[in-house]
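Please examine the structure shown below before reading the dialogue. A student and a tutor then discuss selected features of it.

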Amino acid sequence: MLHIHVRKEDITVDKLKSNGFLHDQLLFGKYRVEEQIGSGGFSRVYRCSHVTMGISVAVKQMEISNRTQSVIQNESEILKILKHPGIPTLYDIQKDENYYYLIEEFFEGEILSSYIQGRNLDLENIGKIMISLLEILVYLHSLPAPVLYLDLQPDNIIIRNGEAVLIDFGNAVKKDGQYLQNYFHGTLGYAAPEQYYGEAAEQSDIYAAGAILYFLFYKKTPGGTETELPEQTKISPLLKEWMQRAMKHRKEERYQTAEEMKQAAETLFRKQTGSKEISLTITFAGSIPRIGTTHISLAFAEYLGKQGLQVFYQEDNDSGTIQSILDAYQLKTSCGLIQFPHFQAFPYYNHMIQEPQIPYNIKIRDFGVLTEEKKEEYEKSDVSILVLGIKPWEQKRIELQQKAEQQIWLYNFSDSKEYRKILKNPEQKNCFRVPMFLDYQKPDETAERFFSQLYQSISGKKQQRERWCFWKKWTGKRRKPEKQ
């Protein structure tokens with residue numbers, strides 16, 4: 001009988017199976033087990049809380065064997081190089097006498113196979129899931145050493161805020177270092193035919209993406225008799241043709257790249273849902289240097305891209321930030337454009353390279369610091385956003401003529417008391433307080449709400465009512481309840 005030794009407590013595998021999960025155990029002195037959230041094959045996954053940082057993490061536990069040693073090594077090496085909001089970040093690797101442990105970022109959401117139960121997804125929901133999933137595949141296949149996922153199936157997809165997140169990279173391989181397989185690699189119904197012979201390629205993931213679309217429409221694994229679809233998810237001949245092309249038996253007949261398939265999906269779902277084309281230019285500028293203009297504008301571009309909009313980000317300042325991000329994360333470039341996870345960026349080339357003519361819904365121009373020379377261009381845009389602070393040394397700004405169609409002021413690095421004073425000024429009619437967030441690619445829930453309300457204010461979909469809704473708690477006095 002196998003045993004796990006955790007803080008001098010003897011936990012047997014039989015006990016694990018009878019209890020369902022390790023309850024309230026402390027792994028390696030810092031991960032408190034909360035619940036078991038998944039299991040399969042030779043692994044279990046737990047949601048744990050970090051006792052000092054207070055954050056949730058996913059802990060994948062695998063029994064030690066010759067097979068799992070190669071799997072855990074391969075999965076950890078791949079996760080180390082991945083940086084995408086739809087892929088979990090690897091935090092730590094641990095080992096005891098009987099088990100390996102991968103500690104990863106925890107995603108709050110619902111497994112796709114559970115998510116569709118009891119829901120009749122319309123075409124807009126399905127399109128959002130599929131496009132976000134294809135964006136992840138585009139990222140994986142576009143790496144300097146392309147990664148093939150090879151196990152795209154409903155239990156490996158989490159739906160978070162209506163978009164797909166990929167978990168469990170145990171079957172993923174680097175294309176250049178792909179090994180000959182002596183066993184079937186994938187999940188029946190979703191694996192491409194060539195995976196049965198150890199001949200996987202990028203088109204194998206494309207086949208699986210088509211199978212996922214089938215699952216979203218018919219709520220079952222591909223194969224067998226097709227059932228009748230609900231009225232709101234009737235599949236058109238064009239969508240059916242798109243799905244069938246992705247699932248062609250011969251990989252040469254499928255879409256050849258994930259980018260090609262994604263572009264076709266964006267066009268098809270936009271036509272099917274009747275989405276209206278948007279074309280807005282938004283300029284960001286800061287009142288002083290280092291006030292957070294680029295950090296906020298990049299995060300806003302990422303947020304809009306995740307909503308299914310085509311976003312074109314233009315760096316109109318000489319800070320070199322986009323080039324630094326390119327070097328750090330080895331992003332894909334083409335014709336001077338840099339492909340971020342959810343948008344395209346055009347770095348500052350000092351007018352030496354002509355701006356490419358590409359289709360977009362939203363164009364974001366990052367001016368860095370607003371100057372007299374940039375003032376005219378700043379005012380020409382559809383929406384002008386000024387980032388400024390509340391401190392005396394942060395309030396040095398150029399007095400702007402209100403010529404832009406819409407102007408918004410974002411107050412960064414301000415506390416709630418200072419911001420309330422700003423709101424009392426009758427001239428401050430369209431302003432927001434920016435919440436703190438560290439990673440522009442993965443803003444937290446508070447930042448997501450902030451960007452949602454900012455976009456609603458820009459698009460006119462919803463009136464701004466509570467401009468202070470991002471405070472963590474109300475700081476005023478509360479009335480004591482009267483005694484009965």
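The following questions and answers concern a predicted model.

Student: How many salt bridges does the count come to in this structure?
Tutor: Side chains of opposite charge can pair when their charged atoms come close. In this model, such a pair is counted when a side-chain nitrogen of Lys or Arg lies within 4 Å of a carboxyl oxygen of Asp or Glu. By this rule the count comes to 16 salt bridges.

Student: With which residue does Glu75 meet in a salt bridge?
Tutor: The N to O distance of this pair is 2.9 Å. Glu75 belongs to helix 2 (residues 66-81) and its partner to strand 6, so the contact ties together parts that are 15 residues apart in sequence. The partner of Glu75 is Lys60.

Student: Are Glu75 and Lys60 buried or exposed?
Tutor: A residue counts as buried when its relative accessible area is under 20%. The relative accessible area of Glu75 is 1%, and that of Lys60 is 9%. Glu75 is therefore buried, and Lys60 is likewise buried.

Student: Which residue meets Lys60 in a salt bridge and lies 108 residues apart from it?
Tutor: The side chains of this pair meet at 2.9 Å, N to O. The pair links distant parts of the chain, for Lys60 is in strand 6 and its partner is in the loop between strand 12 (163-166) and strand 13 (173-174). With a relative accessible area of 31%, this partner is partly exposed. The residue is Asp168.

Student: Which residues are joined into one network by salt bridges that share partners?
Tutor: A separate pair serves as an introduction: Glu252 forms a salt bridge with Arg250, with the closest N and O atoms 3.7 Å apart. Where salt bridges share partners, a network results, and its members here are Asp316, Arg365, Glu377 and Lys380.

Student: What is the phi of Phe28, and where does this residue lie?
Tutor: Most residues other than glycine have a negative phi. Phe28 is not a glycine, yet its phi is positive, at about 55 degrees. At 32% relative accessibility, Phe28 counts as partly exposed. Its place is in the loop between strand 3 (26-27) and strand 4 (31-40).

Student: Is Leu150, which has a positive phi, buried or exposed?
Tutor: Phi of Leu150 is near 70 degrees, and the residue lies in the loop between strand 10 (147-148) and strand 11 (157-160). Its relative accessible area is 3%, so Leu150 is buried.

Student: How many residues of the lining of the second largest cavity are nonpolar?
Tutor: The model has 2 cavities of 30 Å³ or more, and the second largest has a volume of about 30 Å³. Among the residues that line this second largest cavity are Leu150, Asp151, Tyr190 and Ser204. Of its lining, 4 residues are polar and 1 is charged, while the nonpolar residues number 5.

Student: What accessible area do Met53, Ile55 and Tyr91 have together?
Tutor: Ile55 is situated in the loop between strand 5 (43-50) and strand 6 (56-63). Because its relative accessibility is 32%, Ile55 counts as partly exposed. Met53, Ile55 and Tyr91 form a nonpolar patch on the surface, and their accessible area together is about 300 Å².

Key. Residues are numbered from 1 along each chain as its sequence is written. This is a predicted model: local features need pLDDT of at least 70, side-chain atom pairs count only at pLDDT 80 or more; totals for chains, interfaces and linings use all residues. Side-chain values use heavy atoms; hydrogens and water are left out. On a 1 Å grid over the protein atoms alone, a cavity is a set of points where a 1.4 Å probe fits but cannot get out, and a pocket is an open set with protein on both sides within 12 Å along at least five of seven lines; lining residues have an atom within 4 Å of a point. Grid points are joined across faces, edges and corners, and a volume is the space filled by probe spheres set on the points. Ala, Val, Leu, Ile, Met, Phe, Trp, Tyr, Cys and Pro count as nonpolar, Asp, Glu, Lys and Arg as charged, and the others, Gly among them, as polar. Patches are made of residues with over 30% relative accessible area and no salt bridge: like charges are joined within 9 Å, nonpolar side chains (Val, Leu, Ile, Met, Phe, Trp, Tyr) within 5 Å. Accessible areas come from the Shrake-Rupley method with a 1.4 Å probe; for residues, only the protein chains shown count as cover. Helices (H or I, at least four residues) and strands (E, at least two) are DSSP runs, numbered from the N terminus. Buried means under 20% relative accessible area, exposed over 50%, partly exposed in between (1.4 Å probe, protein chains only).
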